[in-house]
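Please read the points below beside the coordinates. They begin with a helix contact and move outward from there.

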Amino acid sequence: MGTLGGAGLAAAAGRARTVGMEGERLASQGRSSGLPAGGATGESAGVDAPLPGSSGSSALLQAEVLDLDEDEDDLEVFSKDASLMDMNSFSPMMPTSPLSMINQIKFEDEPDLKDLFITVDEPESHVTTIETFITYRIITKTSRGEFDSSEFEVRRRYQDFLWLKGKLEEAHPTLIIPPLPEKFIVKGMVERFNDDFIETRRKALQKFLNRIADHPTLTFNEDFKVFLTAQAWELSSHKKQGPGLLSRMGQTVRAVALSMRGVKSRPEEFMEMNNFIEIFSQKINLIDKISQRIYKEQREYSDEMREYGPIHILWSASEEDLVDTLKGVASCIDKCCKATEKRMSGLSEALLPVVHEYVLYSEMLMGVMKRRDQTQAELDSKVEALMYKKADTDLLTEEIGKLEDKVECANNALKADWERWKHNMQNDIKSAFTDMAEENIHYYEQIICGERVMDALRL
């Protein structure tokens, strides 16, 4: 077992011994004073208190939940993570090692026991007679017991990431899978295989893998483990496993038929969820377009302003009385150019990627809702067939029971992951806009200083 896991287990054991000794001491005091073991009220500690994650804590993002004391906050984290692991029955892979299980618990006054670290770097171009593509080096460092080693290094291309995303959606149809960057960038923005495009994609692919690694359920998916550890030929062999082409075509046809049929009565909570997704999609797409337009205008402004500095320097050579003034203006223009470049860098690194990622998230959410509706539509069709006795009733009754369990698991998994996603979304967007606001403040402070210098030169 790795160092992180050993330290976590040791801390857990020590904390358990401390709690046990403290409980024994309190119990003895209670017996000596004639009080019940639960305290003065005669109630058992924690029996009647609602646990986080129950019906009493449906709004996880409300202030009263965020203002819990340390003990309650620890219970909130444990309950939320555990609910995700328990609710999703679509994945056959569950954490089995003590280290994997202990990773789901956050103890008081202890840092997060993160045990999976992924880096995507060193893009490499490959040119063949058929195609040209880029591969990326993926380095994985872990202390999990289910991995054969503590460090792995593999190379993957974009198609491999697409395969992983598809396998995660197949195994966890109602969990919110992190989005991948688009295969092709918007026409006119940058050229394909341009250095900027490759670097932007590298960052997006790294975020994709780390979001999966941080997810309490997806992180233990077997295909994710294979993706991180298998060599190229092993991954190719693993991809060939699973249902054949005809089976996949049959599943696709059935999914299309169910989507055309629709859902008769979607639960109210999922109606609200769907409405939120539609409004969120409209607003985040609008923000994305405005941000891209601002960046483009700032780029044009910077390119134009950069030409004025050398012009003023040349002008000063022919105007002896204005040499100092013209050179001062050129210096101010240069400072403004640098401030604008820094502002644009902050915009392209802090705000644009976050906003565009959530544009892609909005599309993913629509797909998740569609798959949930397909599962319910399949159940509705079986119930309707049973009502009209269109087939063997015993067989239909058995299928309906299985589908009811499937729908319940799908709904519970989506509800738990939904709260987690909303919390992350609000934090990410808030952080991105806060960072951008700070960049703008610094930018305008430098611009104002430049204007004051210009005013002094005029005088």
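1. In this predicted model, the contact between α5 and α6 brings Tyr 158, Phe 161, Leu 164, Lys 165 and Leu 168 of the former against Arg 201, Leu 205, Phe 208, Leu 209 and Ile 212 of the latter. Sorted by class, the residues of this contact comprise eight nonpolar and two charged, with no polar residue among them.

2. As to geometry, α5 and helix α6, the latter spanning residues 195–214, pack at an angle of about 30°, and their axes lie 12 Å apart. Since angles under 35 degrees count as roughly parallel, α5 is therefore described as roughly parallel to α6. The crossing of these two helices is left-handed.

3. Helix α5 (residues 158–171) also meets helix α7 (residues 222–229), the two axes coming within 9 Å and crossing at roughly 165°. With such an angle α5 is roughly antiparallel to α7, and this crossing, too, is left-handed. On the α5 side the contact is made by Asp 160, Phe 161, Trp 163, Leu 164 and Lys 167, and on the α7 side by Asp 223, Phe 224 and Phe 227. The division by class gives five nonpolar and three charged residues, with no polar ones. Phe 161 and Leu 164 deserve a look in the viewer, as they are listed both in the contact with α6 and in that with α7.

4. The sheet is open and built from three strands in the order β1-β2-β3, with antiparallel pairing. Which strands stand at the edges? They are β1 (116–127) and β3 (151–157), each of which has a single partner strand, so that one side of each is left without a neighbour in the sheet. From one strand to the next the twist averages 20°.

5. Within the sheet, β1 and strand β2 (residues 132–142) are paired in the antiparallel sense over 10 bridges, and the two strands form a hairpin with four residues between them. Two pairs serve to fix the register by eye: Asp 121 has Arg 137 in β2 as its bridge partner, while Leu 116 stands opposite Thr 142 of β2. Helix α7 packs on this sheet, where it touches β1, β2 and β3, and the direction of α7 makes about 90° with that of β3. Helix α7 thus has contacts both with the sheet and with α5.

6. Further along the chain, helix α10 (residues 268–306) and helix α11 (residues 308–318) pack at an angle of about 15°, their axes being 5 Å apart, and α10 is accordingly roughly parallel to α11. The residues that meet are Glu 304, Met 305 and Arg 306 from α10 and Tyr 308, Gly 309 and Pro 310 from α11. This contact has three nonpolar, one polar and two charged residues.

7. Finally, a point on confidence: the mean pLDDT of the chain is 74, and 65% of its residues reach 70 or more. Over residues 24–111 the pLDDT is below 50, although this stretch has 115 contacts in the model beyond near neighbours in sequence. Residues 186–190 also have pLDDT below 50, and that stretch has three contacts beyond near neighbours in sequence. Where pLDDT is low, the predicted coordinates should not be read in detail.

Note on methods:
Residues numbered from 1 in each chain as written. Predicted model: local features only at pLDDT ≥ 70, side-chain atom pairs only at ≥ 80, totals over all residues. Heavy atoms only, no water. Axes fitted to C-alpha atoms, helices over the stretch in contact; angles between N-to-C directions. Parallel < 35°, antiparallel > 145°, perpendicular 65-115°, else oblique. Left-handed = near helix turned anticlockwise from the far one by under 90°. Contact = heavy atoms within 4.5 Å. Nonpolar A, V, L, I, M, F, W, Y, C, P; charged D, E, K, R; others polar. pLDDT = per-residue confidence, 0-100. Pairing = 2+ DSSP bridges.
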